[in-house]
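Biologist: Before we discuss details, I should like to learn how to read the features of a model such as this one. Could we begin with the annotated positions and proceed from there?

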Amino acid sequence: MTSVNVAITTRPSSSCDTELAKGPWEFDLSPGYGPGASEDDVIPAPVTRPGQLPVAYQRMSDEELHERIRNAKKALGDRLVILGHFYQRDEVVQYADFLGDSFQLANAALTKPDAETIVFCGVHFMAETADILARPEQRVILPNLAAGCSMADMADEDSVESAWEELMELYGEEPDADGRQPVVPVTYMNSSAALKAFCGRHGGIVCTSSNASTVLEWAFERGQRVLFFPDQHLGRNTAKAMGIGLDQMPMWNPRKPLGGNTAEQLDAARVILWHGFCSVHKRFTVDQIEQARAEHLGVRVIVHPECPMPVVDAADEAGSTDYIRKAIEAGSPGDVFAIGTEVNLVNRLQAEHPDMTIFCLDPVICPCSTMYRIHPGYLAWTLDGLVEGEVRNQVSVAPDVAADARVALERMLAALPEGRK
Ligand code: SF4
């Protein structure tokens with residue numbers, strides 16, 4: 001395990017972002033957008049800002065930080081549950097009571113009724129989702145409030161509201177003869193609570209990367225077309241697999257009138273794709289897949305559906321983090337997997353399955369740079385606060401927003417077949 005107080009790499013050129021080569025506290029103050037994200041964007045108001053850990057914690061040794069975390073965990077007992085996302089760094093994940101994707105984790109917290117505090121070692125939208133689903137007496141803490149998600153930040157509420165107004169003006173608000181509304185908004189789980197609430201209010205729904213096609217089918221039963229945000233790639237890959245043509249999937253650029261489309265293009269649209277992407281998954285390329293195949297005979301290539309379409313098309317399979325994990329668990333000794341997803345998960349899978357060869361398609365170290373902001377120093381500081389009776393870095397969704405967001409999440413659960421909820 002690497003030391004918590006050194007940068008992720010001492011060789012900046014081997015990381016996808018030179019920012020990651022900085023010390024953790026210096027990195028902590030750099031802008032919250034990840035490598036490759038739209039850094040020229042005006043950062044919308046609700047986006048979390050760089051955190052500032054008290055200097056005393058910045059100066060603590062690794063040993064002291066870990067001792068504090070262990071002691072606080074022991075003192076808080078069942079009153080605390082710590083959730084660790086698959087993409088979280090190992091120094092933090094070792095303290096998690098549950099490890100999973102964002103929706104699995106939000107639900108896992110519900111199985112701990114005695115936990116008054118849920119500490120979510122993930123990013124901001126995940127903590128919001130946990131707060132939406134948590135019982136009223138439970139509170140949610142995100143150890144570093146600057147741990148946002150560059151993809152979620154690419155669709156802010158104002159831009160989506162303006163897009164919706166333009167679309168309503170174009171299509172009208174009346175349903176067609178079959179009772180289908182002109183547009184159904186579908187948001188990926190990786191979005192702010194405000195956008196989940198938007199979907200709740202406008203007959204829309206939430207999806208995850210493992211249920212996106214089921215959710216799109218649900219939406220097409222109720223609407224003539226879908227506005228899908230924030231991830232264009234998940235939207236495109238899913239709709240294409242359902243037989244929808246690329247010419248029926250215009251992209252919506254929020255800075256241009258009609259999203260940069262003509263009225264005719266929007267008339268023919270089945271899925272309108274928001275101009276968003278994950279800065280980690282957009283780095284995977286077809287060349288990397290070809291190289292993996294050239295170097296490893298019989299390699300099985302599995303990529304996440306947040307990867308660009310040519311990469312998903314070139315891979316053997318595409319699926320969510322849970323799909324990838326299960327595929328590897330079902331593998332046999334000697335199997336070789338090339339994986340197109342975040343490097344912390346891939347490295348952990350390799351450590352758990354030493355009898356297989358499992359490697360990340362991207363040879364350059366590219367962690368989710370926002371999740372990386374959950375340093376053990378922040379975990380120690382927030383847990384110490386709880387022991388002292390002080391709640392630090394709580395993420396709290398306003399009750400009216402949470403109620404609307406819950407509607408969209410419940411529609412997703414209702415759309416799923418039994419056994420997949
Ligand atoms: S991996 Fe991508 S989508 Fe996931 S939290 Fe990080 S930036 Fe967001």
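**Reading the annotated sites and their surroundings**

Modeller: For "binding site", the unreviewed UniProt entry lists His-85, Ser-102, Tyr-188, Met-189, Asn-190, Ser-209, His-304, Pro-305, Glu-306 and Thr-321. Please keep in mind that this is a predicted model.

Biologist: Where does Ser-102 lie, and is Ser-102 buried or exposed?

Modeller: One begins with the element that holds the residue, and then turns to its neighbours. Ser-102 belongs to helix 5, residues 102-110. Ser-102 counts as buried because 26 other C-beta atoms lie within 10 Å, where 20 or more are required. Leaving aside residues up to four places away in sequence, Ser-102 touches His-85, Gly-122, Met-126, Thr-129 and Met-189. Among these contacts, His-85 and Met-189 are also in the UniProt list.

Biologist: How should His-304 be read, and which residues does His-304 touch?

Modeller: The steps are as before. His-304 is placed in the loop between strand 10 and helix 14. Its 27 C-beta neighbours inside 10 Å are why His-304 counts as buried. Residues up to four places away in sequence not being counted, His-304 touches Ser-209, His-281, Ala-318, Ser-320, Thr-321, Gly-340 and Thr-341. Of these partners, Ser-209 and Thr-321 also appear in the UniProt list.

Biologist: Which cysteines does the UniProt annotation "binding site" cover?

Modeller: In the unreviewed entry, that annotation covers Cys-149, Cys-278 and Cys-368. With such a set, one compares spacing along the sequence with distance in space. These cysteines are spread over 220 residues of sequence, yet they cluster in space, with a largest C-alpha distance of 9.1 Å.

Biologist: What surrounds Cys-149 and Cys-368, and in which loops do they lie?

Modeller: Let us take them in turn. Cys-149 is in the loop between strand 4 (139-141) and helix 7 (150-153). Cys-149 has 28 C-beta neighbours inside 10 Å and therefore counts as buried. Beyond residues up to four places away in sequence, Cys-149 touches Val-123, His-124, Phe-125, Asn-190 and Thr-370.

Cys-368 is in the loop between strand 13 (357-360) and helix 17 (376-387). With 28 other C-beta atoms within 10 Å, Cys-368 is buried. Residues up to four places away in sequence again set aside, Cys-368 touches Tyr-87, Val-280 and Glu-342.

Biologist: How does one describe the shell around the ligand, and which residues come nearest?

Modeller: One may ask about proximity, residue class and domain. There are 14 residues around the ligand, of which Cys-149, Met-151, Cys-278, Val-280 and Cys-368 come nearest. By class, the shell has 8 nonpolar, 5 polar and 1 charged residues. Both domain 1 (18-149 + 370-390) and domain 2 (153-279 + 403-415) give residues to this shell, so the ligand lies between them.

Biologist: How can one tell whether the buried residues of a helix line one face?

Modeller: An α-helix has 3.6 residues a turn, so residues three or four places apart point the same way. In helix 13 (residues 286-295), the residues Gln-288, Ile-289 and Ala-292 are buried. Seen down the axis of helix 13, these buried residues fall within an arc of 100°, so they line one face of the helix. Asp-287, Glu-290 and Ala-294 are exposed on the other side of helix 13. The cover over the buried residues of helix 13 includes strand 10 (300-303), helix 14 (309-314) and strand 12 (336-340).

Biologist: Which residues of helix 10 are buried, and what covers them?

Modeller: Here the reading is repeated for another helix. Helix 10 (residues 212-222) has Ala-212, Val-215, Leu-216, Trp-218 and Ala-219 as its buried residues. Down the axis of helix 10, the buried residues fall within an arc of 155°, so they line one face of the helix. The face turned away from the buried side of helix 10 carries the exposed residues Glu-217 and Glu-221. Among the elements covering the buried residues of helix 10 are strand 5 (181-188), strand 7 (223-229) and helix 18.

Biologist: Where does Leu-416 lie relative to helix 18 (399-415)?

Modeller: Leu-416 is in the segment after helix 18. Leu-416 has 15 C-beta neighbours inside 10 Å and so counts as partly exposed. Leu-416 and Asn-211 are 205 residues apart along the chain, while 7.6 Å separates their C-alpha atoms.

Note on methods
Residues numbered from 1 in each chain as written. Predicted model: local features only at pLDDT ≥ 70, side-chain atom pairs only at ≥ 80, totals over all residues. UniProt positions renumbered as here; feature names shortened; annotations may be inferred. Helix = DSSP H or I, 4+ residues; strand = E, 2+ residues; numbered from the N terminus. Buried ≥ 20, exposed ≤ 12 C-beta atoms within 10 Å, placed from the backbone. Contact = placed C-beta atoms within 7 Å. Near = placed C-beta within 6 Å. Nonpolar A, V, L, I, M, F, W, Y, C, P; charged D, E, K, R; others polar. Domains from an automatic or database assignment. Arc of directions from axis to C-beta.
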